[in-house]
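Please open the model in your viewer and keep the selection panel at hand. The stops below follow one after another.

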Amino acid sequence: MKQGVFITFEGNDGAGKTTVCQEIYKQLQEQGYDVIYTREPGGSKIAEDIRGVLLDVENTKMDGRTEALLYAASRRQHLVEVVLPALEKKQIVLCDRFVDSSLAYQGVARGIGMDEVWSINQFAIDGCMPQKTLFFSVSMETGQKRMTLRGDKNRLDLEHDAFHQNVRKGYELLIEQNPDRIAVIDAEPELEVVVKNAMKVIHEVLVQYE
């Protein structure tokens with residue numbers, strides 16, 4: 001690659017984006033690309049420690065702003081330790097969630113405000129944004145069914161339906177505001193079809209940097 005390529009994966013809980021992201025990582029490796037897979041919150045030791053606090057089902061008293069700040073802190077550490085070094089090596093970075101998650105979950109669903117959460121994250125990411133974001137779209141019903149099948153729900157998975165509906169509204173607003181960066185992938189079909197459609201978008205991005 002002529003330069004590093006940063007691609008993020010977003011979606012409501014239960015959209016299947018993690019499964020798709022990991023399959024795409026595998027296929028790109030098989031195709032000879034220098035690619036890494038990582039996730040948020042987490043991706044490095046310190047960031048994973050913060051993830052543990054954020055998703056612990058016992059932390060029911062966590063304030064919304066505390067939550068937003070912890071996500072931003074985890075994101076900063078992850079960027080410094082994992083994402084930026086990989087991009088400097090001209091690798092492809094596939095990241096399961098990034099700043100759009102904070103804007104949708106904390107900005108809209110928690111009612112903090114997108115501008116406020118964006119301000120916190122501007123400090124954290126210091127201008128580093130993905131070249132492309134894939135949003136995996138499923139109905140609320142499908143998302144809930146998949147979360148139930150997955151089991152082992154975290155603190156955010158256990159939020160009420162209205163919260164997850166507001167997350168979706170946040171993503172819809174982001175898609176409207178960023179039509180060139182965010183590609184919507186229908187995640188209702190079987191995995192093979194979703195991966196194929198996502199790979200088509202990713203290859204269209206990669207060809208620009210080869």
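**Stop 1: helix H7**

Select Lys169 and Glu176 in H7 of this predicted model. Both are exposed, on the other side of the helix from its buried residues. Now add Phe163, His164, Val167, Arg168, Gly170, Tyr171, Leu174 and Ile175, which are buried. Look down the axis of H7: the buried residues fall within an arc of 155°, so they line one face of the helix.

What do the buried residues of H7 pack against? Show strand E1 (5-11), strand E4 (132-137) and strand E5 (182-186). Then show helix H4 (99-109), helix H5 (114-125) and H6. The buried residues of H7 pack against each of these elements.

Next, check the length of H7, residues 161-177. Its 17 residues, at 1.5 Å a residue, should span 24 Å. The end C-alpha atoms are 25 Å apart, which agrees.

**Stop 2: arginine 168**

Stay in helix H7 and pick arginine 168. Is this residue buried or exposed? Arginine 168 has a relative accessible area of 18%, and it counts as buried because the cut-off is under 20%. Leave out residues up to four places away in sequence, and arginine 168 touches Asn12, Phe135, Ser137, Val138 and Met140.

**Stop 3: asparagine 12**

Move to asparagine 12, in the loop between E1 and helix H1 (17-30). Its relative accessibility is 6%, so asparagine 12 counts as buried. Zoom in on its side chain: a polar atom there lies 3.0 Å from the backbone oxygen of histidine 164. Now display the residues that asparagine 12 touches, not counting those up to four places away in sequence. From H7, they include His164, Val167, Arg168 and Tyr171. Also among them are Arg97, Tyr105, Phe135, Phe136 and Met140.

**Stop 4: the aromatic pairs**

How many aromatic pairs does the structure hold? There are six. Select phenylalanine 6 and phenylalanine 98 for one of them. This pair is edge-to-face, with 5.0 Å centre to centre and 75° between the planes. Phenylalanine 6 lies in strand E1, and phenylalanine 98 in the loop between strand E3 (92-96) and H4, so the pair ties together parts 92 residues apart in sequence. Phenylalanine 6 counts as buried, at 1% relative accessibility. Phenylalanine 98 is also buried, at 1%.

Go on to tyrosine 105 and tyrosine 171, another edge-to-face pair. Here the centres are 6.4 Å apart and the planes make an angle of 85°. Tyrosine 105 is in helix H4 and tyrosine 171 in helix H7, so this pair ties together parts 66 residues apart in sequence. Both tyrosines are buried. Add Phe135 and Phe163 to the selection: ring pairs link these two with Tyr105 and Tyr171 into a cluster.

Go back to phenylalanine 98 and show arginine 75. Arginine 75 lies over the face of the ring, 5.5 Å from the ring centre.

**Stop 5: glycine 143**

Finish in helix H6 (residues 140-150), at glycine 143. Glycine 143 is buried, with a relative accessible area of 3%. Which residues is it in contact with, leaving aside neighbours within four places in sequence? They are Asp13, Gly14 and Val138. Of these, Val138 is also touched by arginine 168, from Stop 2.

For a last check, draw a C-alpha to C-alpha distance from glycine 143 to valine 184. The two are 16 Å apart in space and 41 residues apart in sequence.

Key: Residues are numbered from 1 along each chain as its sequence is written. This is a predicted model: local features need pLDDT of at least 70, side-chain atom pairs count only at pLDDT 80 or more; totals for chains, interfaces and linings use all residues. Side-chain values use heavy atoms; hydrogens and water are left out. Helices (H or I, at least four residues) and strands (E, at least two) are DSSP runs, numbered from the N terminus. Buried means under 20% relative accessible area, exposed over 50%, partly exposed in between (1.4 Å probe, protein chains only). Contact means heavy atoms within 4.5 Å. The expected span of a helix is 1.5 Å times one less than its number of residues. The arc is that of the directions from the helix axis to the C-beta atoms. Rings of Phe, Tyr and Trp (its six-membered ring) pair if their centres lie within 6.5 Å; planes under 30 degrees apart count as stacked, over 60 as edge-to-face and the rest as tilted. A charge sits over a ring if NZ of Lys or CZ of Arg is within 6 Å of the ring centre and within 35 degrees of the ring normal. A polar contact is a pair of N or O atoms within 3.5 Å; within protein, one must be able to donate a hydrogen and the other to accept it, and residues adjacent in sequence count only if both atoms are side-chain atoms.
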